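Here's a quick tour of a two-chain model. Have the viewer open and follow along.

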Protein chains: 2
Amino acid sequence: MEKLEELLTHITSRININLKPMGIDVEPILKNAIPRERHLLYYAFYALTTDHPLSFRFTNSSLGGTYFLGKTLVDRSVLYKSDIRGDELKRKGDVVEFDGIKTKLFYNEVIRIINSYLVKTLVHNYSHNPEIPEVFKILNTVAMHYSNIHGTTTEGVFLGPFATVDFSYMHNCVVGEYAYVQAGDLSRQVIEPGRVWIRYNGLFEFNYIYPEGVLKKYISMDENGSLSGEFFDHVDERKEDFLPIYSSISPEPFEGKGDGAYVSPYAVLKGNCTIGDNALVAQRAHVEDSVFGNGSNAQENCYIMNSVYEGLDITAHGAKVINTRLGNKVFVGFNSFLHGKKPEHITVGRNSIVMPHTIIDSDEPIAIPENSMVWGHVTCQADLATQCMTLDAMSAATDITMGNMTFKGDGKAFVDAFRERIEHILEANGAYYNGTENTRGHAQKTQDACFNILQPFQSGPEQGMYPSMTIGD
Amino acid sequence: MEKLEELLTHITSRININLKPMGIDVEPILKNAIPRERHLLYYAFYALTTDHPLSFRFTNSSLGGTYFLGKTLVDRSVLYKSDIRGDELKRKGDVVEFDGIKTKLFYNEVIRIINSYLVKTLVHNYSHNPEIPEVFKILNTVAMHYSNIHGTTTEGVFLGPFATVDFSYMHNCVVGEYAYVQAGDLSRQVIEPGRVWIRYNGLFEFNYIYPEGVLKKYISMDENGSLSGEFFDHVDERKEDFLPIYSSISPEPFEGKGDGAYVSPYAVLKGNCTIGDNALVAQRAHVEDSVFGNGSNAQENCYIMNSVYEGLDITAHGAKVINTRLGNKVFVGFNSFLHGKKPEHITVGRNSIVMPHTIIDSDEPIAIPENSMVWGHVTCQADLATQCMTLDAMSAATDITMGNMTFKGDGKAFVDAFRERIEHILEANGAYYNGTENTRGHAQKTQDACFNILQPFQSGPEQGMYPSMTIGD
């Protein structure tokens, strides 16, 4: 495994050169977070579809258990059980617009991952960096377990476990565990654990910070990159469910889904599940004894148990929904944790928004009204007084402080931005598919995907490394 | 010329997307600064030597009159009479160190110029960006006449005429005309015209700003990118001297230089010139009736007239030295203008430093003492009271304000950094060459360079564009 050790040393040096001035040393993490033999156990795989240009280039890397879709280049990196999802990569000739200025793409966009270390990370490419729309860049980045890099250029970034960076471009930043950032262009910033920060172009800014001590119960990481807490226990207890899938060359398809729906062969469906028309269950999603109404989706790393989705409901990457009923068109944000203790213990009314990184964890029933937004740490119905408001009230607001949340700016623009995004997600996922070409989305385009498998060297100095390869263009 | 127009539109959109928020619109400049037919007149050329890996890739670009040495990639860019000098590119396996952390290069370093517009720009590659030591990047950058990009990553940068960025990494910055910046990592800053700013790692900071109204006499640019002022007049009056050289496939070599010296066939030597041993006269340097002592150099875009260099004297890129005597080991910084009115009207004592972007322009004789530093705008000997000090005094200083100059921090570290740099330049240029391999520098390594020539399409939609090509690896 000399080559793999050399690679880890290389990545450590590149990260530390760029991030040590920000107070972080990744050496013990890269040394200890993944036992070496794990790099041999899992194969990497990529999807072939007629809708995504086939173009991969992998060099000097270890890719254990990682999934690729769309044009990707990986060099000098360790990816471990990560999802590199390039299904919204822009194409040559596409016109993009930033603040009213248009420009055309010269090449098909590529995801370029260099000198990076991603563990169980979800990368989604819908990128918003004006610097070079042809490249979605992940450079000198360490992303820990269940973090999300969502449309965000990362150049020298450390993401703690369950952290999310969304529609941003970040240069030399440290993002604490379970922090959520969607704040444009950031350079040399440390974002505290459990901060939820949404800022847009001087138009509005939303801030919430988890009260001190709360997060420890859910997620904490020691200096060697080992995790503890309920989030970790939840996924750890269910990891065996994925073994049969990843041990099979061609996993059994799920039968009985609705028309136009897609259930990834790399998703777990347990017990009695119903999947409606145009619904989407992505790879690495885990669904148990639940009803999925038409056009609903469960994105990567979601866990859904004993729950009912009435339809057009969105579970963003990494959200966990247990004993919950969602009315029509509810949005559950990234890595949220809706932990009902018995059936329909939590209900969310139609058209409501569960903000990213929200924890609802109560011994009594919780009912979120329709057309509302909820955020933060909800432990009883009374908490909603400071952690929930109607979208109408939000639309009329300018400055608000409620508990640990502050909002400044144009409330209507904030609500409109969310609504627009929800529509984008539903359209992009094919929730509105009616048989016409322009309503096709991920659910339909991925239908006929087939999966190719890559394996690492099993012995010698290259053990754990993958052969360099160019696939497609 | 449709393709060239399309390319200009493309570059305009990429620059404006990134820099309009910084208050700049490059559209009229890119439309008007270079008359279209000029793009056809000059050929691009590259040097072949056994000391520099041959590796060029040019795509979708116009390269008129531009010189390349060392591994370079140019895509979707307009380079006009620029020098892309890759003679200090790092090599695969080299170990670089940043703040005590070491890392090894995985590949030969490459200069990568994308979506950029460089006019008469000197690019020198001795780069100091920790982000990815294998790539020296110039992206979404407009650099106007006689600007210097010296070891500086530029991502979304506008450089005014005669501006210099030196050993920095800049993201979305605007640098005014004749400003000099050597200040580490900068993001979203506007640097005023005529500011000289040197800052290092919290150790020291030097600032000088030209008094209001002074610069107009020397350099000014209108909104269409047209220049006026004495700097411009000086170079414009001498441009015809370069015509015979650039009209010849193989210009006449200069005879009578000392041992180990190099005089580029693309330099102008007029009148009676003496070039000592191990001296270096770079391409696009202009030397007239001057004596060059051993180990002295005239870098690109320098103009030296009726002057005497006693030896080991350095004229950094773009400096102009007229009727001046330099004692031993004098450093004349970038784009400085030493304008003596009759022979030896200006004298600079040995071991002195003329700071970058200094103007000495007086009707009376000016004598800079030995072991001193001089900066700013000197119009008479009395001005030295606020614009010159001994290096010993500087070494002992912490906080100083003198006229428009302020200095904060460790004066000794500042002086040491300059001395170290001067030694680096002399060594790198081969000024100390004694016949041994490890004393060889640019003067010796470039001796046997031969030059290949590239021409643009002369008609049709591609007129003014260069064919895409890969040369070497």
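## Helix 9 of chain A

This is a predicted model, and a good place to drop in is the start of helix 9 of chain A, where a side-chain oxygen of Asp410(A) comes to within 3.1 Å of the backbone nitrogen of Lys412(A). At the other end, just after helix 9 of chain A, Gly430(A) adopts a positive phi of about 85°.

What about the length of helix 9 of chain A? Its 19 residues (411-429), at 1.5 Å a residue, should span 27 Å, and the end C-alpha atoms are indeed 27 Å apart, so the two figures agree.

Plenty of helix 9 of chain A is tucked away: the buried residues include Phe414(A), Phe418(A), Arg421(A), Ile422(A), Ile425(A) and Leu426(A). As a reminder, an α-helix has 3.6 residues a turn, so residues three or four places apart point the same way.

## How the two chains relate

Rotate chain B by 180°, with 0.0 Å of shift along the axis, and it superposes on chain A with an RMSD of 0.0 Å. That is the relation of a two-fold axis. The same surface serves both copies, with 100% of the contact residues of chain B recurring in chain A.

Which residue of chain B comes closest to the rotation axis? Ser187(B) does, with its C-alpha at 3.9 Å.

## Asp75(B)

Now hop to strand 4 of chain B (residues 72-75), where you'll find Asp75(B). With a relative accessible area of 5%, Asp75(B) counts as buried, because the cut-off for that is under 20%.

Leaving out residues up to four places away in sequence, Asp75(B) touches Tyr107(A) from the other chain, plus Thr59(B), Asn60(B), Ser61(B), Ile113(B), Ile114(B) and Asn115(B).

Terms used:
Residues are numbered from 1 along each chain as its sequence is written. Chains are lettered from A and ligands numbered from 1 in the order in which they are written. This is a predicted model: local features need pLDDT of at least 70, side-chain atom pairs count only at pLDDT 80 or more; totals for chains, interfaces and linings use all residues. Side-chain values use heavy atoms; hydrogens and water are left out. Helices (H or I, at least four residues) and strands (E, at least two) are DSSP runs, numbered from the N terminus. Buried means under 20% relative accessible area, exposed over 50%, partly exposed in between (1.4 Å probe, protein chains only). Contact means heavy atoms within 4.5 Å. The expected span of a helix is 1.5 Å times one less than its number of residues. A polar contact is a pair of N or O atoms within 3.5 Å; within protein, one must be able to donate a hydrogen and the other to accept it, and residues adjacent in sequence count only if both atoms are side-chain atoms. Copies are superposed by least squares on the C-alpha atoms of residues with pLDDT of at least 70 in both.
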